[in-house]
Amino acid sequence: TTLKKVPNLDRRKFAGLMVALDQAIANLTDAIKTSGLYDQTILIVQSDNGGLITEMGGGNNYPLRGEKKYIYEGGTRVHGFIHSPLIPKTKTQQWYNNMFHISDWMPTILEGILGMQLNEILALYPEYVDIDGLNHWNAIVGDMDMAPRDELLYNIDYLDSAGDYIGYYRAGLRVGDWKLVWNEKNLSSYEVSTDFDEHVMSVEIDGRVTALYNISADPN
């Protein structure tokens, strides 16, 4: 009944998926508590990419530009949270504002949360020496001003999300507050439409765009 109030069909389906996800996380949390493991558990929930808006995706990244599959902020900046009784009370209910890449989760978990030494990890996984991720745990639970990462490579690729050749390279790189977008074609932001099956693009372009942005001055 609640979801029938959402007029856009794609958004209504997406909302239904979010309700199911919310219930699944609740069920998992209840099971962890029932098993007696809750006090030893760190729960990490994060999206892998921005919402898909076109192609019946139903996502909403507004006012960020772009969507899933594209390297503007709407396709790459995502929500996530960490929940655990192991986190100091003084560090809960706070935003982590440092730059974080999805590849940072592995060293954050292995080195930060589990406290494994590098030689221990390399003995089990020799390929660990080549990872791109960084350990953020001390910054998350300690001093957030000690940012482990000051640059982030979004992508350098000539394939689309299905692995098909797109005919050109595109890339995205951020260093500090500056983000370079190279050869991208989707720079629209999408306002949520109240119409049944419509997506409102702020701008449409022919061709591709290369641009340099200051993320602090122009976060969208």
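In this predicted model, the side chain of Asn 61 comes to 3.1 Å from the backbone oxygen of Gly 74, and a polar atom of that side chain also lies 2.9 Å from the backbone nitrogen of Gly 51. Asn 61 itself sits in the loop that leads from strand S1 (43-46) to helix H2 (73-76). With a relative accessible area of 10%, Asn 61 falls under the 20% limit and therefore counts as buried. When neighbours within four places in sequence are set aside, the residues in contact with Asn 61 are Gly 50, Gly 51, Ile 53, Gly 66, Glu 67 and Gly 74, a list that includes both of the glycines whose backbone atoms the side chain approaches.

A second buried polar residue can be found towards the start of the chain. Asp 10 belongs to helix H1 (residues 9-34), and its relative accessibility is 4%, so that Asp 10, too, is classed as buried. Although 46 residues separate Asp 10 from Met 56 in sequence, the C-alpha atoms of these two residues are 5.6 Å apart in space.

Helix H3 (residues 105-113) offers a view of how several elements meet. Its buried residues are Trp 105, Pro 107, Thr 108, Leu 110 and Gly 112. An α-helix has 3.6 residues a turn, so residues three or four places apart point the same way. The buried residues of H3 pack against strand S1, strand S2 (80-83), helix H4 (118-124) and helix H5 (137-141); strand S1 is also the element from which the loop holding Asn 61 sets out. After H3 comes Gly 115, which has a positive phi, near 70°.

Further along the chain, the reader can turn to a sheet. Here 4 strands, in the order S3-S4-S5-S8, make up an open sheet with antiparallel pairing. Strand S3 (151-159) and strand S8 (209-214) are its edge strands, each of them pairing on one side only, and from one strand to the next the twist averages 5°. Within this sheet, strand S4 (residues 165-175) and strand S5 (residues 178-184) run antiparallel and are joined by 5 bridges. One of the residues to look for at this pairing is Arg 174, whose bridge partner in S5 is Lys 179.

Definitions and conventions:
Residues numbered from 1 in each chain as written. Predicted model: local features only at pLDDT ≥ 70, side-chain atom pairs only at ≥ 80, totals over all residues. Heavy atoms only, no water. Helix = DSSP H or I, 4+ residues; strand = E, 2+ residues; numbered from the N terminus. Buried < 20%, exposed > 50% of the residue type's maximum accessible area, 1.4 Å probe, protein only. Polar contact = N/O pair within 3.5 Å; in protein donor to acceptor, adjacent residues only side chain to side chain. Contact = heavy atoms within 4.5 Å. Pairing = 2+ DSSP bridges. Axes fitted to C-alpha atoms, helices over the stretch in contact; angles between N-to-C directions.
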